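Q: Could you show me how to read strand pairing and salt bridges in a model like this one?
A: Gladly; let us look at it together.

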Amino acid sequence: MEQDYLEPYCQWKREKGYDAIEIELHGFNIDDVKVVLKQIEEGKSMISIMAENPRCLHKRFEIPNDIYNLEQIRALFWNGKLNIEIPKKVESNKLEISMPKLEFKRILKEDMKNKFISAVECLYANGKIPAFGFMLIASGLFAYKYYIQCYGI
């Protein structure tokens with residue numbers, strides 16, 4: 001008896017931290033589907049999807065080992081679709097930018113406060129009231145800009 005081989009609809013999606021393969025397997029249930037990851041040559045692996053009930057399906061994807069973290073591949077079969085998520089390796093040459101530590105923020109805030117008070121006292125003592133008003137507006141805008149940069153709002 002000759003079996004009917006199917007070519008499933010597949011879609012490869014590229015996301016920021018991972019790539020995803022979506023394969024439509026309507027008519028198959030989870031017990032019919034088998035997903036295998038194996039190394040085929042140096043630097044390359046293969047994901048094989050096989051499904052069998054009265055119909056048969058076999059789909060293969062070659063995956064480069066240097067781009068993807070193959071130890072963390074996840075597969076989910078739901079509602080007739082097989083979703084395979086392949087996490088990308090973190091690039092070591094990227095500089096990671098983080099928010100300043102709380103202690104650094106506290107010191108910076110104290111220093112800014114002291115400099116601002118000194119500037120206000122100097123302007124007020126010398127009778128430079130318009131400059132004092134400008135200083136207040138400028139410091140408010142600076143504080144707003146700093147807040148937006150630190151908290152990403």
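Q: In what sense do S7 and S8 pair, and over how many bridges?
A: Two strands count as paired when DSSP finds at least two bridges between them; strands (E, at least two residues) and helices (H or I, at least four) are DSSP runs numbered from the N terminus. Here S7 and S8 pair in the antiparallel sense, over five bridges. This is a predicted model, in which local features need pLDDT of at least 70 and side-chain atom pairs count only at pLDDT 80 or more, while totals for chains, interfaces and linings use all residues. Residues are numbered from 1 along each chain as its sequence is written, and side-chain values use heavy atoms, leaving out hydrogens and water.

Q: Which strands make up the sheet, and in what order?
A: The open sheet has four strands in the order S2-S3-S8-S7, with antiparallel pairing. Its edge strands are S2 (10-14) and S7, since each pairs on one side only.

Q: Which residue in S8 is the bridge partner of Arg74?
A: The partner is Glu85. Their side chains also meet in a salt bridge, with 2.2 Å from N to O. Glu85 lies in strand S8 and Arg74 in strand S7 (residues 74-78), so this salt bridge ties together parts that are 11 residues apart in sequence.

Q: What is the general idea behind a salt bridge, and how many are there by the rule used here?
A: Side chains of opposite charge can pair when their charged atoms come close. The rule asks for a side-chain nitrogen of Lys or Arg within 4 Å of a carboxyl oxygen of Asp or Glu. By this rule the count is seven.

Q: Where in the structure do Glu22 and Lys81 lie?
A: The side chains of Glu22 and Lys81 form a salt bridge at 3.7 Å, N to O. Glu22 is in strand S3 and Lys81 in strand S8, so the pair links parts 59 residues apart in sequence. Salt bridges with shared partners join Lys13, Glu22 and Lys81 into one network.

Q: Are Lys88 and Asp19 buried or exposed?
A: Buried means under 20% relative accessible area, exposed over 50%, and partly exposed in between (1.4 Å probe, protein chains only). Lys88 is partly exposed at 28%, whereas Asp19 is buried at 0%. Their side chains meet in a salt bridge of 3.5 Å, N to O. Lys88 sits in the loop between strand S8 (81-87) and helix H1 (102-125), and Asp19 in strand S3 (residues 18-24), so the pair ties together parts 69 residues apart in sequence.
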